Structures are given as C-alpha cells and as structure tokens.
Amino acid sequence: MERNAFFDNAKVVLIFFVVFGHMIQPFVDGSREMSTLYSWIYTFHMPAFILMSGFFAKGAGNFSYIINLVKKLLVPYLIFQVLYTGYYFLIGKSGWQTDLFSPHWALWFLFSLFSWHLLLYWFKKMPPLLSIAIALQIGLIIGYFGEIGHTFSLSRTFVFFPFFLIGYFLTEKQIMLLKHKSVKIASLVIMSAVFLSIYFMPEFNSGWLLASKSYGDLGMAEYGGLARLLVYITAAIMVVSVLAWIPKAHYNWTKLGARTLYVYLLHGFFIQYFRQADVFQINGLHDFLGLAALSLGLVFLLSSRPILGLWQPVIEGKASILKQNLKT
C-alpha cells in the first residue's frame, strides 16, 4: 500500500519544530518573544509527534512483537544513553553522569514509546472513549506525586500517553477531516490566540509543557490537576490546528518522514555542542532566521542517505544501506 504523504509530511514538519525548539531554548530567558515562541512550539510538537506514533502502533502485542520493540527502541536507547554520556563528558557538560534509567535529554521519548506500546495491551481492549478517559485521569493524577519524575521517564510516559492512545484509535479518514477549509480557517485563529495568550500571560512556566515535573515543583501543589487539564485542552486544539495545515501532496522532501528517528537521536550532538560552546546569539531577525535555516539544514543532513548508511547499524541493528551502496 502506498504511504499517505500527509503523515510523512507531518513528521518532517514536526521534527523541524523539535530541532528548532531545542535550538532556541538557550535564548528564552532574555527575550519575551523567544520565550513565547518556544512555549508555543511546545504546546503541539511533541503531542502531535506522539499522536502520530500512536496512529502507526497497530501491532498485535504478542511476544515476538515485544521483542521487536526491545530491538527497535530499548537497544538504541541504551546505546545512545552511553554515547551521550561520553559525549557530554568530552564537551565538558555538567551532569554528564547519570544512570541508565534516567534518560539523557531527548532520549526519554524512546523509553516512553516502548512503555506506551506495552500499555496498549490493556488500553486497546477497552472502548476508545473509556480508554482515553482513564489515560487522561492518570495523566492528571500523576502530577501530585513528587517522587515520579525523570527516572524511567515515568512522568512524561503517563502525561503524554493520552495523545498516543488517541492516535491509536484514530482512523486515516478521521484525521483527513482536519483538511476541511473551515478547520483550517479556525486553526489560524486558534494558533494566533494561543501565541498571544502565552505572550501576555504573566510568568508562564514552560515546565507545564515538558510534563517532567510534579505540580509541587511547578508551584501549584493543590490546583495542578486543573492547570494540566487546561494544558491538555490547549495541546489538543493546537495539534488539530497545526495538522490542518500539513500538505497532502508528495514532495521531494516527503521521503524524509520515514527517517525522523535519525534526526531525533542525532541532532542532540549538535545542539549540546552549540549550547556548551555558546556558539550563537540572537541579536536580530537575521540571527533568528539563521537558526531556523540551520535547524532545517540539520533535518536534511541527518536524514540524508550517507548519515543513514553510517548510523543504521547503531539505530536499526542492520546495515542494508551500506550493503546496497557496496553493491553499486
């Protein structure tokens, strides 16, 4: 069956926002505009990415399926946990020492993705609305437990799980409803309103969007559940709004949508070096556009054929691209 270009296009757009969001993170404290843009991006980029992951999680959940997940997700997680530990040490980054089960930086996604697939075994047996409602309730409750955090990526696993579950239950036909003209027009209003709300909101804590801290750590020990519910609602409408504008046509860059895991795992080597060496500054529009162009360049570079051939044995445990290149 031919791949629907919409999904690959969406993954390319979203991985760009992942890279770009990480690129501009060091500059959020000194600029209201950059802080707003950073938070605006984080309202949708990971929820949408996770929803896409859930949509393609149609496995049976049997023993061989779990073993395949271990090879696909946990083995790369362990390898890159070691690689990033050594890399952080080499570039002089503080906090380079960590145990295997406290994910370095962006590696939490691999651990959580494995966990979401396991959770599906139980949640997919329930009616969709009930299943999603229970997942949401768990996501709201988990924030009241301060001891649940980065270890095993537990906080993010439970908080983001509803988006994975929604993606799993959605059909392609339902997702394509987002392409209606009325949805696209409404989405422009929504995206603008969310941006302005963040901009004028006093002291908005982006930690609410990262889902890695308890309500106590975020300064709302009592009413944190209500705040997270608002975050859930905001994220949901932002995901709908952004996906509404993803093109359905096939482009030359559409094929990169099948390679986003490489970009996700490898871009951290660049980002962390840029931060540690304090390479960039934003002093005007030209600097901002330069970082956006650099982020886009990293997406294309890290999803290029040579990079895939070099890193495929590490990330996928095979060398089919290298063998193919040797034959030609």
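Me: How many helices and how many strands does the protein have?
Reply: Keep in mind that this is a predicted model. Strands are easy to tally here, as there are zero of them. What the protein does have is helices, and they number 15.

Me: What does the globule rule give for 328 residues, and how compact is the protein?
Reply: For 328 residues the rule gives 20 Å. The protein's radius of gyration is close to that, so it is as compact as a globular protein of that length. Its C-alpha trace spans about 60 × 50 × 45 Å along the principal axes. The radius of gyration itself comes to 20 Å.

Me: What percentage of the residues are buried?
Reply: A residue counts as buried when its relative accessible area is under 20%. Going through the 328 residues with that cut-off, the buried share is 48%.

Me: Which share of the contacts comes from residues 24 or more positions apart?
Reply: Here we look at contacts with a separation of 6 or more. Among those, residues 24 or more positions apart account for 79%.

Me: How many positive and negative side chains are there, and how far apart are the centres of the two sets?
Reply: On the positive side there are 24 side chains, and on the negative side 13. Take the centre of each set, and the gap between them is 15 Å.

Me: How many aromatic pairs are there, and is the Phe7 and Phe55 pair stacked or edge-to-face?
Reply: The structure holds 38 aromatic pairs. For Phe7 and Phe55, the centres are 4.6 Å apart and the planes sit at 15°. Planes under 30 degrees apart count as stacked, so that's the label for this pair: stacked.

Me: Which helices do Phe7 and Phe55 lie in, and how far apart in sequence are the parts they tie together?
Reply: Phe7 belongs to helix α1 (residues 5-24), while Phe55 belongs to helix α3 (residues 45-55). Both residues are buried. The pair therefore ties together parts whose separation in sequence is 48 residues.

Me: Is the Phe17 and Phe44 pair stacked or edge-to-face?
Reply: Phe17 lies in helix α1 and Phe44 in the loop between α2 (32-42) and α3. Both are buried. Their ring centres are 5.2 Å apart with the planes at 85°, so the pair is edge-to-face.

Me: Is Ile185 buried or partly exposed, and what is its relative accessible area?
Reply: You'll find Ile185 in helix α9 (residues 181-200). Partly exposed covers the range between under 20% and over 50%. Ile185 falls in that class, with a relative accessible area of 49%.

Key
Residues are numbered from 1 along each chain as its sequence is written. This is a predicted model: local features need pLDDT of at least 70, side-chain atom pairs count only at pLDDT 80 or more; totals for chains, interfaces and linings use all residues. Side-chain values use heavy atoms; hydrogens and water are left out. Helices (H or I, at least four residues) and strands (E, at least two) are DSSP runs, numbered from the N terminus. The radius of gyration is taken over C-alpha atoms; the globule rule is 2.2 Å times the number of residues to the power 0.38. Buried means under 20% relative accessible area, exposed over 50%, partly exposed in between (1.4 Å probe, protein chains only). Contact means heavy atoms within 4.5 Å. Lys and Arg count as positive and Asp and Glu as negative; His and the chain ends are not counted. The place of a charge is taken as NZ of Lys, CZ of Arg, CG of Asp or CD of Glu. Rings of Phe, Tyr and Trp (its six-membered ring) pair if their centres lie within 6.5 Å; planes under 30 degrees apart count as stacked, over 60 as edge-to-face and the rest as tilted.
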